[in-house]
Amino acid sequence: PGADDLPLAIVGLLSLTLWLAFFVRFNSVAWWQTYWPDAHAFAALLVAAPILSIATFHFLSLYQVVTRYIGAHGTLRIVASMALSVVAWTALGFMLGNPGMPRTVILLYGLLGATAIIASRQMASWLLRLGPRVEVVSARPVLIWGATAPGIALAEALRRAGGYRTIGFIDDTRAVFGRSYAA
């Protein structure tokens, strides 16, 4: 899966966490059979939850954090994004006339969603770091032109080859400003 597939995968993950929030609240795998208030507004809220979360991830620049090096800063962004999306989702519920969304589900969705996104990012980071490591005692410092995927691939290749240490990236593309890379 490429970067274009990421929002779709996150929508699937967040939809699963929403279902899990209902499962925990109603203690039933088929919770919709026992709980289904105003169908149209409620269905709109169910669809809106992951979409609002993706929008807040984009708004808070979560996708600019390099997954391989997520760290505490990225984790804090995930928590802030989920909190903001839950607030927006709750506001949407009130605008739709409060179609019966249980408060526990709203809170559980935020907690489970943040946990799932953090866990998936940490797992991806761990998998990406599994590559072979080369210890370099006296490495030459290197600046790389281009902080996009080819530049990062070059930094990884130089790290694995040994003898070079990437000290920074130079790039004129606004989209990559503020990203971090740590070997």
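Q: Is the crossing of H3 and H4 left-handed or right-handed?
A: In this predicted model, H3 and H4 make a right-handed crossing.

Q: Okay, and which residues make that contact?
A: On the H3 side you've got Thr75, Ile78, Val79, Met82, Val86, Trp89 and Thr90. H4 brings Ile106, Tyr109, Gly110, Gly113, Ala114, Ile117, Ile118, Arg121 and Gln122.

Q: How does the contact of H3 with H4 split by class?
A: There are 10 nonpolar residues, 5 polar ones and 1 charged one.

Q: Back up a sec, at what angle do the axes of H3 and H4 cross?
A: Roughly 150°, and the two axes come within 9 Å. H3 covers residues 71-95 and H4 covers residues 103-128.

Q: So what does that make H3 relative to H4?
A: Roughly antiparallel, because angles over 145 degrees count that way.

Q: New topic: how much space lies in the second largest pocket?
A: About 160 Å³.

Q: Which residues are closest to its centre?
A: Thr90, Phe94, Asn98, Met101 and Ile106, out of 11 that line the second largest pocket.

Q: Which elements give two or more residues to that lining?
A: H3 and H4 do.

Q: And where does the largest share of the lining come from?
A: From H3, which gives 4 residues to the second largest pocket.

Q: Last one: how do the lining residues of that pocket divide by class?
A: You get 6 nonpolar, 4 polar and 1 charged in the lining of the second largest pocket.

Key:
Residues are numbered from 1 along each chain as its sequence is written. This is a predicted model: local features need pLDDT of at least 70, side-chain atom pairs count only at pLDDT 80 or more; totals for chains, interfaces and linings use all residues. Side-chain values use heavy atoms; hydrogens and water are left out. Axes are lines fitted to C-alpha atoms, for helices over the stretch in contact, and angles run from 0 to 180 degrees between N-to-C directions. Angles under 35 degrees count as roughly parallel, over 145 as roughly antiparallel, 65 to 115 as roughly perpendicular and the rest as oblique. A crossing is left-handed if the near helix is turned anticlockwise from the far one by less than a right angle, and right-handed if clockwise. Contact means heavy atoms within 4.5 Å. Ala, Val, Leu, Ile, Met, Phe, Trp, Tyr, Cys and Pro count as nonpolar, Asp, Glu, Lys and Arg as charged, and the others, Gly among them, as polar. On a 1 Å grid over the protein atoms alone, a cavity is a set of points where a 1.4 Å probe fits but cannot get out, and a pocket is an open set with protein on both sides within 12 Å along at least five of seven lines; lining residues have an atom within 4 Å of a point. Grid points are joined across faces, edges and corners, and a volume is the space filled by probe spheres set on the points.
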